[in-house]
Amino acid sequence: MNRKARGDSIAAVQRAALAPYTVWAVVFIVVPLFFIAYYAFTDDSFRFTTANIVRFFTTTSEVVTEKGIPREVRTYLLIFARSLKLAVISTILCLLLGYPFAYLISRAGARAQKTMITLVMVPMWMNFLIRTYAWMTLLQDTGLINSFLGMLHLPALHMIGTEGAVVVGMVYDYLPYMILPIYSVMAKMDEKLIEAAHDLGCSSSGVLRRVVVPLSMPGVVSGITMVLVPSISTFYISQKLGNGKFYLIGDAIESQYTANNLHFAAAIAFIFMIVLLAAMALMRKLTGRRVYEGGM
Amino acid sequence: MQKIIELKNLTKSFDGEVVLDHINLDIYDHEFLTLLGPSGCGKTTILRLIGGFETADEGDVIFLGERINDVPPHKRQVNTVFQKYALFPHLNVYENVAFPLREKKVPKSEIDARVKEMLQLVTLTGFEKRNVTRLSGGQQQRVAIARALISHPRVLLLDEPLSALDLKLRKDMQTELKRIQQATGITFVFVTHDQEEALSMSDTIVVISGGRIQQIGTPIDIYNEPVNAFVADFIGESNIVDGIMLSDCHVRMAGHTFDCLDAGFDQNEPVDVVIRPEDVDIVPPEKGMLRGVVTGVTFMGVHYEIIVDIAGFKWMIQTTDFVDVDEHIGIRLEPDAIHIMKKSEFSGMFGDYSSFSNELDELSNAESEGEE
């Protein structure tokens, strides 16, 4: 067999091996996305309409500000802004906690690395609902933390139902998604690069700043993506740890679905998806060149 | 000449295995010193101790009279060119070379001037904006050298820097490195397992085996006066024959008494006799001091390499005259072709070409290259 024919047959085998995944992706990713778009732009009798999209931007409701003054707000834009705020805070906290931790793991001995990675992943083996309930029992006014504070004769803290509690739940749930991609980039980093930086006059902090951080940027970008996307669309945590006071975009979609407003739910999901895709494209554009191409 | 680095009784073990066994070595300013030895002999560990990447179990590293055992790498006036260059993939050529200066907060105009000067030194002018990951091996090598030299270290450590290059490029870079060393006057400590490289580039060669220094000397000394069978075999090709020193300048081997130039041995002391393959004269059998049968001939380009069976011992001889397999030949040895060595732990381990084959040699070389 000549080289070209062999190359072709390898390509054919590769295509065949990919076929099941392609089918899976089409059936479970592409088709549902198509349905979301279809529902978003149709009414109950499946006629084309933009009413659902318009409704997202125009629905208003009255809220009472902290000073007791009633104010008219655009409901879904407010919910969206709130989701974004909590997600960004959680993502920043995950990054601040996860980055140093990933660095420590990657610097540890081979055996310690394995143990630490397992410890990071163990919580992920438990059901997400159970983990959230566990945080409820910890944070409640009569929960474990407050019982403990009481034993020490310290004043009780009101935690459940605050933004802080929601953020804690989100950080706890999504932290592994920040640690793992950063760790995997750092673990693959050539030890010799770190030695070279030392050799060329960098102290430990210089090595971190000038070599480790820039080279770990691909891990940071994927970590941010993997935390930001699910945390912006989260819904259950806000209901349980926020006592339903912090209605998020995920909660909105869920309640529209359960109320059988499939078309409006799809419209929210569709707008949300477009915003996320745009944000990710922007992030890739901003970080991509510097991270992957080199040159400053 | 001034001693720039002194290694005193350096000992180092990894997981209970002794890698360096009481190394004592003086390195002089401005010299090109090569640490030569097979894979796993400890030569890279010596380099890492000088660079500050390892700490010795015992012994001291002295730099210009000062003990620097506990000085971290970034505070030593020593820079390293790593085996696979270790260029920073996120920085371009300019920024890689400027890296040490940026750390020292050198003014921008001076950085510009010094980077330019360094790139000129390594003949990479015009490559400033290039991505280092897209350079050829030889170009990456030059960037690594420029980066290591820009902060004017007193000593440059080079860890098998040419092993990843192909033969032609390796030859060019040998000349290039020698030129850079002479132009800058910086002391080079060069690690290699390639004896030809060591012979052609060095002022001083340090032959290392099993974590111990076997011999220190100029390339000519090391080649002509090896101290033991290991050095004789590792540097070039050698026939190493058992002999008896009858008296000063008279050695008996293979049933014949030869005149030689060596003296100072006990009477009738058993010795190792080294004869380099190119120093053997082939003559008709009746005129030979020794007689043998040719068992193999390999054409090497410049010369033929023939294997001759002399009284059961296989010699390697390099000759420009053609002889055929199974031919009977005689050989003559001039007194200066014979080098006598004291018996050592390596006696009997090297210098017999009974199992010699070029192919085997290449295979074992290829294997050992990946190890260090």
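Which residues of the largest nonpolar core touch the most other members?

## Nonpolar cores

In this predicted model, the residues in question are B:I50, B:V97, B:A146, B:L156, B:V189, B:V251 and B:V273, and the core they belong to has 108 residues. At least three of its residues come from each of two domains of chain B, domain 1 (3–224) and domain 2 (238–369).

One of these residues, B:I50, can be followed through its contacts. Leaving aside residues up to four places away in sequence, B:I50 touches B:I5, B:V61, B:V78, B:L157 and B:V189. B:V189 is thus a contact of B:I50 and is itself listed with the residues that touch the most other core members.

Another core, of 49 residues, lies apart from the largest one. Its members include A:C94, A:A102, A:L228 and A:I232.

## Helix α3 of chain A

Helix α3 of chain A runs over residues 75–107, 33 residues in all. From its first C-alpha to its last it reaches 48 Å, close to the 48 Å expected at 1.5 Å a residue.

The helix has a kink of about 25 degrees at A:G98, shortly before the proline A:P100.

## Contact between chains A and B

Chain A contributes 19 residues to the contact and chain B contributes 23 residues. On the chain A side, the elements giving two or more residues are α8 (191–199) and α9 (204–232). The most come from α8(A), which gives six residues.

By residue class, the side of chain A that touches chain B consists of eight nonpolar, six polar and five charged residues.

Methods
Residues numbered from 1 in each chain as written. Chains lettered and ligands numbered in written order. Predicted model: local features only at pLDDT ≥ 70, side-chain atom pairs only at ≥ 80, totals over all residues. Helix = DSSP H or I, 4+ residues; strand = E, 2+ residues; numbered from the N terminus. Expected span 1.5 Å × (residues − 1). Bend = angle between axes of the 7 residues up to and from the residue. Core = buried A, V, L, I, M, F, W, Y, C linked by C-beta atoms within 7 Å. Buried ≥ 20, exposed ≤ 12 C-beta atoms within 10 Å, placed from the backbone. Domains from an automatic or database assignment. Contact = placed C-beta atoms within 7 Å. Nonpolar A, V, L, I, M, F, W, Y, C, P; charged D, E, K, R; others polar.
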